[in-house]
Amino acid sequence: MGAAIPVMHYTGMAAAGFAPTNEAPNLAHAVSVSSLGVTGITIVTFMVLGLAVMTSVVDRRFSVLESSEERLRLIFNTALDAVVTMNAEGLITNWNSEAARTFGWSSHEALGRRLSETIVPRQHREEYDRGLEHFLKTGDGRKLRQRTEITALHRDGHEFPVEVATSPIKFGGQWIFSSFIRDITEYKRAQEELLNAKQAAEDANRAKSAFLANMSHELRTPLNAIIGYSEMLEEETKESGELTAVRDLQKIQSAGKHLLSLINDILDLSKIEAGKMGLHVETFDVPQMIEEIVTTVQPAVAKNGNTSQVEVAKNAGKMRADLIKVRQILLNLLSNACKFTDHGVISLKVDRRTVDRQDWMQFQVIDTGIGITPEHKENLFREFSQADTSISRKYGGTGLGLAITRRFIQLMHGTVSVESKPGQGSTFTIHLPAELAVESDDPQRIQPPADIPVASQSTREDRGTVLVIDDDPVVRDLMSRSLAKLGFRVVTGKTGAEALELAKKVHPLLITLDVMMPEVDGWSVLKQLKADPATAETPVIMITIVDNEPMGVGLGASGYLVKPVDRDRLAVLVERCTSRPAPKGNKPKPLSELLVHS
């Protein structure tokens, strides 16, 4: 429409200037004028069209620019973090909505203010200004371009923690500093609550450990008397021929030992969870260990009319590991096999294999019992659970045996797997390193040599004196009677001070010492005995409820037994210690054993 107006204008002028005349028209002139008019009109038309197009393009670009600026403004103001920019003079140039909510200053109030006076606490402003000045002079901004936790200032005067990340940007020859700031008050509060909860959990765990230790002492003390006196009464009753009473006493022993095993399981699990279960690494003969295990488990095999089969490879040889834990692993698995098999076969297979140039011991416990369903395998190694809840009602048990077994295997860097079919039996396969590597040299367990016989139960006079120190009269009585049957005279005491005094007075060949005693504990007594030249060479056997053999051996103990004491193991250990030459300076008396027990 606009382009047509000039055309119409100029066409009208041409028409108005045309008048009829008698003269012949100059056609050439008319054509020339008409051509010029058309050319001019065309040029003007294209100029107008060009201007219109340029105006449209500019309008569109301005529209796009305005839209882009609006988007950036929306992003800036809806950011979850406070976004603040500052120029080289330290003045605020941008302040988004989150910054206003975080610090209490509106954008109108904040723009143009010094940043340090707006959000930096007074005690930190001088340091902040020095840092800015240092950066502008040197370009060294070590704390820039990284997230840092600092303390910020709110408009109302309270200080609060923030996380800030500042990036310097050089634009147009001038430095601009862009900061993203996040209020971490809630995060810090949650972190503090977590730390408090962690501390409370650790306190509760320590309290649990202390409770278990105390309960262990309280439970083991009466068990010590129950098992010890029932064993003695059984021996005396056998001599009188009262078989019925013997069977009753054996039931008492069995119940006491069962209760003791439950206590030991709970304590073992507690130690493992607390990371306090150590390894006592030693080298031992695998076939000999298997022979002892088979002898121990034989009554359980025969109980349900089962038979046993044992296959030990000729190359089984020796193994370096924790003997006590390997033995307990196999006893747990064999006991389970016996319990869940009726008139079947219990097999134990032992082999040595080399994988990736490392020797591994493979132990397999195979039974023909009730088997395990695939869905129940998941519960096998869980604490306080069994494969099937109905099993605990029929067969009994706490569900700790296999859980502790797996934990022991993991401690020794081994693996355990199980294959089973319901009604056909189960196969448990264990792989343990034949040479267990330990980070530090653990004290080796002192094991009685195989060729030392168990002391005869018959009374042998004048073998020596044994000093028994224990604050529990029951323990002193049991130890005195047991050692007297081995042919020793016994001197007893009930405190650490008495132990030190009597050790010098009676010159014992052997000292048995408990840890938990009033006033002076067994560890202190042991240190003093080994530090005194008069008693340093006297063998000391620790007899205690405290299961810390490495410490005892490290302090110089010749042996370590945990209560309730197995009398056969005590006899073997006593024989080994007393078979040594008498300590220098001591008269060659019969065996003297100083037993300190609380």
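This report describes the fold, the buried segments and the charged pairs of a predicted protein model.

**Overall composition**

The protein contains 17 helices and 18 strands. Of its 598 residues, 38% count as buried. The accessible surface amounts to about 33800 Å², and carbon and sulfur atoms supply 56% of that area. Among contacts in the protein with a separation of 6 or more, 65% are between residues 24 or more positions apart.

**The five-stranded sheet and its helix**

An open sheet is built from five strands in the order E2-E1-E5-E4-E3, with antiparallel pairing. The edges are occupied by strand E2 (92–95) and strand E3 (148–153); each has a single partner strand, so one side of each is left without a neighbour in the sheet. From one strand to the next, the twist averages 35 degrees.

At one of these edges, E3 pairs with strand E4 (residues 159–171) in the antiparallel sense, over six bridges. Within this part of the sheet, Thr151 stands opposite Pro161 in E4. Helix H6 (residues 122–138) packs on the sheet and touches strand E1 (82–87), E3, E4 and strand E5 (174–183). The direction of H6 makes about 140 degrees with that of E5.

**A second strand pair**

Strand E6 (residues 281–285) and E8 also pair in the antiparallel sense, here over five bridges. Glu282 has Ala321 in E8 as its bridge partner. Strand E8 (residues 318–322) has four of its five residues buried, so it is largely enclosed by the rest of the structure.

**Helix H12 and its contact with Asp265**

In helix H12 (residues 401–411), the buried residues are Leu402, Ala403, Ile404, Thr405, Arg407, Phe408 and Ile409. The helix is followed by His413, which has a positive phi near 60 degrees.

Ile404 also takes part in a contact that spans a long stretch of sequence. Its partner Asp265 is found in helix H8 (residues 243–273). The two residues, Asp265 and Ile404, are 139 residues apart in sequence, yet their C-alpha atoms are 7.4 Å apart in space. Leaving aside neighbours within four places in sequence, Asp265 is in contact with Gln328, Leu400 and Ile404. Asp265 has a relative accessible area of 14%, which is under the 20% limit, and therefore counts as buried.

**Helix H7**

Helix H7 (residues 185–240) contains Phe211. Together with Met215 and Leu219, Phe211 forms a nonpolar patch on the surface, with about 260 Å² of accessible area for the three residues together. Helix H7 also holds both members of a charged pair, Lys238 and Glu234, which lie four residues apart, about one turn of the helix. In an α-helix there are 3.6 residues a turn, so residues three or four places apart point the same way. Lys238 and Glu234 form a salt bridge, and Glu234 counts as buried at 10% relative accessibility.

**Salt bridges**

Side chains of opposite charge can pair when their charged atoms come close. The structure holds 24 salt bridges, including the three tabulated here.

| Salt bridge | Closest N and O atoms |
|---|---|
| Arg155 with Glu109 | 2.6 Å |
| Lys238 with Glu234 | 3.3 Å |
| Arg353 with Asp351 | 3.5 Å |

Arg155 and Glu109 form a salt bridge. This pair links distant parts of the chain: Arg155 lies in the loop between E3 and E4, Glu109 lies in helix H4 (residues 107–110), and they are 46 residues apart. Arg155 is partly exposed, with a relative accessible area of 41%. Glu109 likewise counts as partly exposed, at 31% relative accessibility.

The salt bridge of Arg353 has Asp351 as its partner. Arg353 is partly exposed at a relative accessible area of 41%, and Asp351 is partly exposed at 24%. Beyond such pairs, salt bridges that share partners join Glu231, Glu235, Lys485 and Arg567 into one network.

Notes: Residues numbered from 1 in each chain as written. Predicted model: local features only at pLDDT ≥ 70, side-chain atom pairs only at ≥ 80, totals over all residues. Heavy atoms only, no water. Pairing = 2+ DSSP bridges. Helix = DSSP H or I, 4+ residues; strand = E, 2+ residues; numbered from the N terminus. Axes fitted to C-alpha atoms, helices over the stretch in contact; angles between N-to-C directions. Contact = heavy atoms within 4.5 Å. Patch = residues over 30% accessible without salt bridge, like charges linked within 9 Å, V, L, I, M, F, W, Y side chains within 5 Å. Areas by Shrake-Rupley, 256 points an atom, 1.4 Å probe, with all protein chains shown as cover. Salt bridge = Lys/Arg side-chain N within 4 Å of Asp/Glu carboxyl O. Buried < 20%, exposed > 50% of the residue type's maximum accessible area, 1.4 Å probe, protein only.
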